[in-house]
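Reader: I would like to go through this model in short questions and answers. Please show it before we start.

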Amino acid sequence: MQYKYYPLEAKPFGSNKKRLLWRPIIEVILISNNKLVSHPILLDTGADVSLFKANVADLLGIKPTSGKRKKVRGIGNTEISGFEHPFNIRVPGLKIVKTKAVFTNDLPKYSVSIAGNLGFFDKFKVTFDSKNKTIGVS
Amino acid sequence: MAARINFIYLQRKYPGKWVALEEKNKSVVSFGDNAKKVYDQAKKKGVKIPTVFQVPTISGYFIG
């Protein structure tokens, strides 16, 4: 499956000027409790785990605070805590695979959910062509 | 590669809001502050598998 990077606007810190940024975001289908929701995720090869917004667990019929408690740290040493839950994921055109992610309320409003190594990159072959702004997932 | 909705348009019109898109990810069918309500509204409008997410606000550069 081929995707195009998404253009977004960003305002570099200390600047009033908006800049165009391209981020590798793809839509995947999340499945749990007979509920299906399509959800865009940022493909972040630097993330050890997948971090999803807690509200998304609600959409899947998962009580966000009922899973295994997990804490992770970001590059700025900021702690993010949430609860890990298993669910199924389908990249359009590919088969359904079992995965898991940490659902958290700590992701900022400027971020979408994040797909990391554990739970996404260990499940799919992903190729990035940043020059041409395309992503391949198989 | 199918064309998708423009994220910049969403950032300008719905920053920080939850939105639901129809299945081709080309238009907004519902939006608001409550993800579940937004999802339920989209389902009521007949969207089988809505794309639901919180529209990212405009940020600085960040490293995940």
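Author: The questions below cover the contact between the chains, the core and the strands of this predicted model.

Reader: How many residues does chain B bring to the contact with chain A?
Author: The contact draws on both chains. Chain A supplies 33 residues. From chain B come 23 residues.

Reader: Which element gives the most to the side of chain B that touches chain A?
Author: Helix H1 (7-13), helix H2 (35-44) and strand S3 (51-54) of chain B each supply at least two residues of that side. The top contribution is four residues. It comes from S3(B).

Reader: By class, how many residues on the side of chain B that touches chain A are charged?
Author: Nonpolar residues number 13 on this side of chain B. Polar residues number nine. The charged count is one.

Reader: Which residues of chain B have the most contacts inside the largest nonpolar core?
Author: This core has 45 residues. Chain A is represented in the list by Ile41(A), Val56(A) and Leu60(A). From chain B the list holds Val19(B), Val38(B), Tyr39(B) and Val52(B).

Reader: Leaving aside neighbours within four places in sequence, which residues of chain A is Tyr39(B) in contact with?
Author: Within chain B, Tyr39(B) contacts Ala20(B), Pro50(B) and Val52(B). Its contacts in chain A are Val37(A) and Leu59(A).

Reader: Are the residues of strand S1 (residues 18-21) of chain B buried or exposed?
Author: Side chains in a regular strand alternate between the two faces of the sheet. Here Trp18(B) and Ala20(B) point one way, and Val19(B) and Leu21(B) the other way. Whichever way they point, all are buried.

Reader: Which residue in S3(B) stands opposite Val19(B)?
Author: S1(B) and S3(B) run antiparallel and are joined by four bridges. Across from Val19(B) stands Phe53(B).

Reader: Which residue in the turn between S1(B) and S2(B) has a positive phi?
Author: S1(B) pairs with strand S2 (residues 28-32) of chain B in the antiparallel sense, over four bridges. One bridge pairs Leu21(B) with Val28(B). The two strands form a hairpin with six residues between them. The residue with a phi of about 60° is Asn25(B).

Reader: Why is one side of S1(A) and of S11(A) left without a neighbour in the sheet?
Author: The open sheet of three strands in chain A has the order S1-S12-S11, with antiparallel pairing. Strand S1 (2-4) and strand S11 (126-129) of chain A stand at the edges, so each has a single partner strand.

Reader: What is the bridge partner of Thr127(A) in S12(A)?
Author: S11(A) and strand S12 (residues 134-137) of chain A run antiparallel, joined by four bridges. Thr127(A) has as its bridge partner Gly136(A).

Methods:
Residues numbered from 1 in each chain as written. Chains lettered and ligands numbered in written order. Predicted model: local features only at pLDDT ≥ 70, side-chain atom pairs only at ≥ 80, totals over all residues. Contact = placed C-beta atoms within 7 Å. Nonpolar A, V, L, I, M, F, W, Y, C, P; charged D, E, K, R; others polar. Core = buried A, V, L, I, M, F, W, Y, C linked by C-beta atoms within 7 Å. Buried ≥ 20, exposed ≤ 12 C-beta atoms within 10 Å, placed from the backbone. Pairing = 2+ DSSP bridges.
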